[in-house]
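Colleague: I have a few bench-side questions about this model. Could you walk me through it?

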Amino acid sequence: MTDCARALGMLAQFVDNDLAREQAAWLKTHVAGCAGCRAAFADFEKIDSQLIASGQYLERQSPPPAGARAELAPKMVTVPVRRQVTRWIPAAAAAAVIAAAVGLMPIAPRRTLHAVDPAPARFVRIPYLPPLDPQENTTIVRMDIRVATLIAVGYRVAADPEQIVSAEVLVGEDGRAQAVRVLSDIDWNGTGD
Amino acid sequence: MADGETADGTKAAASDEPREEALRWFDELRDPLRRYLLCTGASAADADDAIQETFLKLYRHLERKGDRSNLYGWVFQVARNYLRDVRRSARRQRTVQLDEAMTRGGGPADPQLGPEHCALDGERVRRLRAAVAKLPEQQRECMLLRSAGLRYREIAEILGIHTASVGTLVHRATARLTEELS
């Protein structure tokens with residue numbers, strides 16, 4: 001590594017005042033004798049101060065509300081903890097779950113499942129549902145689903161609507177389907193949203 | 001970060017109640033997190049909603065003894081995810097675009113500053129934010145987190161990269177911004 005690369009790599013630590021005394025001394029000596037690094041440090045200090053000023057400016061324009069902490073604290077109450085369960089239930093019962101999901105959801109703009117998903121397939125959220133709480137208990141249900149059903153809940157799928165695919169459905173605590181992971185080798189098509 | 005605490009979650013090694021701990025994190029991170037969210041283009045209302053949701057989730061996370069390896073980064077990630085979901089939601093339209101966020105405000109919030117001063121500030125900020133928006137993702141995140149007033153050591157932690165790598169990242173981002181703004 002050249003001295004200049006080493007010096008520029010120390011930019012952040014220099015600003016944070018995190019450099020050891022010997023490092024800081026080396027840096028000062030190098031910068032004093034290197035016009036390129038001197039210019040780079042000057043540019044950096046200018047941009048750095050502008051960045052911080054921009055955050056402060058936006059904060060001045062929209063000051064934080066008073067009482068946010070007082071509003072938050074009472075909401076922090078213990079909720080019962082349940083373990084995540086993976087169950088395999090018969091296709092007929094599973095179909096009822098996703099059918100309920102279809103019935104409950106508004107018709108939403110279609111979402112594309114990307115053509116090249118990394119293996120193994122990932123869960124893809126059903127579009128425009130309220131976000132699943134990361135701590136929420138979920139159930140994974142494996143089932144066979146008609147492509148037409150996937151299309152109905154908002155996915156864009158370039159496949160025969162009558163085709164049956166094997167999938168796993170992530171069901172939230174309210175019993176509604178939240179996401180689907182297709183296990184079959186199916187031709188998803190489209191450009192994404 | 002307060003004395004004797006680290007960003008990796010060891011803060012609560014001698015923790016009492018999850019609620020108290022979550023509120024301590026709130027006290028420490030609310031302002032930088034809010035500035036960060038505003039800098040990403042969130043409206044003040046969405047930023048405040050995101051903060052409430054994030055710290056409620058943090059409380060649950062602590063209560064359930066979730067992973068504490070990088071709570072600092074966890075908080076920013078959860079807030080980012082919340083905003084992303086809000087932006088995707090067809091039911092909510094309050095989030096504004098980056099350029100809009102940079103120029104909004106109407107009048108000066110600081111009574112000590114005159115309208116010309118604020119207009120100048122607004123224009124400068126707008127140009128800077130537009131330039132930041134063009135950076136590659138990791139450089140952009142780094143600059144946005146710096147706008148929030150975080151130290152580079154903390155930024156490295158949130159981004160999950162080594163502190164030394166931030167130097168290189170910062171240098172590249174700075175060079176691009178200088179060129180863009182010149």
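Modeller: Sure, let's begin with a pair of rings: A:Phe44 and B:Tyr152 are both buried (under 20% relative accessible area, with exposed over 50% and partly exposed in between, using a 1.4 Å probe and protein chains only). Bear in mind that this is a predicted model, where local features need pLDDT of at least 70, side-chain atom pairs count only at pLDDT 80 or more, and totals for chains, interfaces and linings use all residues. Residues are numbered from 1 along each chain as written, chains are lettered from A and ligands numbered from 1 in the order written, and side-chain values use heavy atoms, leaving out hydrogens and water.

Colleague: How many aromatic pairs are there over all chains?

Modeller: Rings of Phe, Tyr and Trp (its six-membered ring) pair if their centres lie within 6.5 Å; planes under 30 degrees apart are stacked, over 60 edge-to-face, and the rest tilted. Searching the whole structure on that basis gives a total over all chains of 6.

Colleague: Are the rings of A:Phe44 and B:Tyr152 stacked, edge-to-face or tilted?

Modeller: This pair crosses between chains, from helix α4 of chain A to helix α7 (residues 152-159) of chain B; helices here are DSSP runs of H or I with at least four residues, strands are E runs of at least two, and both are numbered from the N terminus. The ring centres are 6.0 Å apart and the planes sit at 40 degrees, so the pair is tilted.

Colleague: And B:Phe26 with B:Phe55: how many residues apart in sequence are the parts that this pair ties together?

Modeller: The two rings are edge-to-face, 5.3 Å centre to centre with 80 degrees between the planes. B:Phe26 is buried at 3% relative accessible area, and B:Phe55 is buried at 0%. B:Phe26 belongs to helix α1 (residues 18-39) of chain B and B:Phe55 to helix α2 of chain B, so the parts tied together are 29 residues apart in sequence.

Colleague: Which residues of chain A does B:Gln52 touch?

Modeller: B:Gln52 sits in helix α2 (residues 44-63) of chain B and counts as buried, at 10% relative accessibility. Counting heavy atoms within 4.5 Å as contact, and leaving out residues up to four places away in sequence, B:Gln52 touches A:Ala68, A:Glu71, A:Leu72 and A:Lys75.

Colleague: Back to chain A: are α3(A) and α4(A) roughly parallel or roughly perpendicular to each other?

Modeller: Axes are lines fitted to C-alpha atoms, for helices over the stretch in contact, with angles from 0 to 180 degrees between N-to-C directions. Those of helix α3 (residues 21-33) of chain A and helix α4 (residues 35-61) of chain A come within 5 Å and cross at roughly 110 degrees. Under 35 degrees counts as roughly parallel, over 145 as roughly antiparallel, 65 to 115 as roughly perpendicular and the rest as oblique. The two helices are therefore roughly perpendicular.

Colleague: Which residues of α4(A) are met by α3(A)?

Modeller: On the α3(A) side you have A:Leu27, A:His30, A:Val31, A:Ala32 and A:Gly33. Their partners in α4(A) are A:Ala35, A:Cys37, A:Arg38 and A:Phe41.

Colleague: How far apart in space are A:Tyr155 and A:Ile126?

Modeller: A:Tyr155 is in strand β5 (residues 155-156) of chain A and is buried, with a relative accessible area of 1%. A:Ile126 is 29 residues away in sequence, and the C-alpha to C-alpha distance is 7.4 Å.
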